[in-house]
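Colleague: Please give a close account of how one part of this chain is built from its pairings, and then place it among its surroundings.

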Amino acid sequence: MMMRSEENKNEKSPLPLQQHPWLVICPSGKTQTFFSISEDRCYERSIHELGNTTIRASAQEWLVLEDFDSTDCYLWNPISNDKIQLPPLPYNRNLLCLLSASPNDPQCRVLFLIHETTPPDDDVHNKTTPPDDDIDTNDNENPNDYTDTNDDDTDNENPEDDDDDTDPSNDENPYDDDDTDSNDDDIDSENLDDDDDETAPLPALYLCKPGYDDEFHKQDLKSIIGDNVFLGWAVFKGNFYVFTLQTRILLRLDVDYSSGTISATPMTNQPPYTYFTQHLDMPRFENYLIQSEDELLYVYILFYGRELEDVYKIIVFRFDFVNQMWEEVKSIGETAIFLGPYSGGTGPYSSGTTCCTRGTNLKKESIYFIKGRYLYNFNLETQSISVSLPCPHISMTNPHSYWLTLMAT
C-alpha cells in the first residue's frame, strides 16, 4: 500500500501560482526559471523535486514525476508537498503518461505507455546524460526563419546575437532525452520499427489507481486500439482519448475499474482533415490532442522550408460530442493554447494545454510554442507569427523547457 508523505505540509509552496501556465526553463539540473508571459517577468527557483526528475503528466496541482537515477515514478503535490509512490515499472527509455484526475477523485487513474527496452549495460539507471546524437550543438537557430508580422511583440534583443554562443558544451542538456508534458524533436525509432522484430516486446498500457494498487494492470496496446502506435492522446473530463495513426480516428479508452482492463470506443468514423489531398506538399506535420475546459481540441501544424522547421499553417479543430464529428475552429477568442516541444509528427509525444486570457495580459487568438530559447506566438485569426526572447540571461541555445500549470483546488 502506498503512503502519502505529510512532511512539510504546512510550508509555503515553493512554486508560484497563477491563472495561466508558466514557461519553465531549466538551464541546469539544479535551478529552474519560471517565466510569466502575462507579467513578462522571470522568477528563479531551485526546487529540489524538479532538479533530478522529469514531469510526465499532471492533473490540477498534482504532477507525475520520474526520477532520473532510479527511474521510479511518483505523484507529487507542490502545494502540499504530498507524495504518492507508484508501483515499479519496467525499464523504458521514453516513458509516456497520462493522469486522469487528482488522487482524491475516486476515478483517478494513471496510465503509462511503455515500450520495454533493455537497460544499457554500462549504466542501467543513469538517464542524466543523453547519447551524443541527442545533444543539440546547433547554434545556428534563427527565429527570423519564421515570418514575424508583429514587431511590437518581438524582444529588442537581436536573436542573431546568439551566434556568439558557439561553445557546443553550452548546449548539452541532461533533459534532452526526456520529454515532459512531454517531448523531443527526435522520435525514438524503436517505437515504430520494432513491430518488424518478432522478438521485440509489444508496447503496452500500464494502469493503476495511485495510492491503492500495489501493481500495474498491463495490457498490450494493439489488443485495445488495433495498432502498436498512435498519433496523440489526452485526458478529457476524466476519460482517456487517443488519436489513431492509420485511420486518424478518435477513440475513447474505457476502463473497467473492477478488473483494470481497457477497451476502446470509436467516437467518430471521420478524421478531422483530409491530409493527403489538401497538403501534399507539406511532408512534415505535428499533432496535439488537448483538453480545453469543456472542449477537446486537435491542433495540427504544417511545416515547410529547407529544413522543414518553418511553420506554414496551424489548424485547430474541436470535437462535437453531440454530432460525433470534428469541426474546424476559425477563432479561439479568449482561449490561449500552449504547445509543448515537437515530437516529430509520428508519435504521441507532443502535448499542450490551454487557459483563458481574460484577466491577464495574454493576447486573444494566441497559440504559443517554443523553439530553442525563443517564444513564438501564432495568431490564429490573422495567421501571423511574432517572436520574443523571454529570458535573455539564459545563454544555452536549446535548454530544456516546458509549460507548467499550477492551480490550487
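Modeller: In β15, the residue opposite L251 is P266. Five bridges connect the antiparallel strands β14 (residues 250–255) and β15 (residues 262–266); strands here are DSSP E runs of at least two residues, helices are H or I runs of at least four, and both are numbered from the N terminus. Two strands are said to pair if DSSP finds at least two bridges between them. Six residues separate β14 from β15 in this hairpin, and G260 in the turn has a positive phi of about 80 degrees.

Before going further, the basis should be stated. This is a predicted model, in which local features need pLDDT of at least 70 and side-chain atom pairs count only at pLDDT 80 or more, while totals for chains, interfaces and linings use all residues. Residues are numbered from 1 along each chain as its sequence is written, and side-chain values use heavy atoms, with hydrogens and water left out.

As for the setting, the chain contains four helices and 25 strands. Of its 409 residues, 55% are buried, where buried means under 20% relative accessible area, exposed means over 50% and partly exposed lies in between (1.4 Å probe, protein chains only).

Pairing also organises an open sheet of five strands, ordered β21-β20-β22-β23-β24 with mixed pairing. Its edge strands, β21 (352–356) and β24, each pair on one side only. From one strand to the next the twist averages 20 degrees, with axes taken as lines fitted to C-alpha atoms and angles running from 0 to 180 degrees between N-to-C directions. Within this sheet, β20 and β22 pair in the parallel sense, over three bridges. I337 has I367 in β22 as its bridge partner.

Those two residues lead to the interior. The largest nonpolar core has 22 residues, and those touching the most other members are V299, I301, I314, V316, I337, L339 and I367; such a core is a set of buried Ala, Val, Leu, Ile, Met, Phe, Trp, Tyr and Cys residues joined through side-chain atoms within 4.5 Å. Strands that each supply at least two of its residues include β20 (335–339), β22 (366–371) and β23 (374–379). The largest share, four residues, comes from β17. Neighbours within four places in sequence aside, I367 is in contact (heavy atoms within 4.5 Å) with residues including I314, V316, I337, L339 and F378.

Aromatic rings provide further links. There are 20 aromatic pairs in the structure; rings of Phe, Tyr and Trp (its six-membered ring) pair if their centres lie within 6.5 Å, planes under 30 degrees apart being stacked, over 60 edge-to-face and the rest tilted. Y206 and F216 make an edge-to-face pair, at 6.3 Å centre to centre with 75 degrees between the planes. Y206 is in strand β10 (residues 204–208) and F216 in the loop between β10 and β11 (217–220), so their pair ties together parts ten residues apart in sequence. Both are buried, Y206 at 8% relative accessibility and F216 with a relative accessible area of 12%. Y241 and F321 are likewise edge-to-face, at 6.0 Å centre to centre and 70 degrees between the planes. Because Y241 lies in strand β13 (residues 239–244) and F321 in the loop between β18 (310–320) and β19 (325–329), this pair ties together parts 80 residues apart in sequence. Y241 is buried at 4%, whereas F321 is partly exposed at 30%. Both belong to a cluster linked by ring pairs, with F319 and W326 among the other members.
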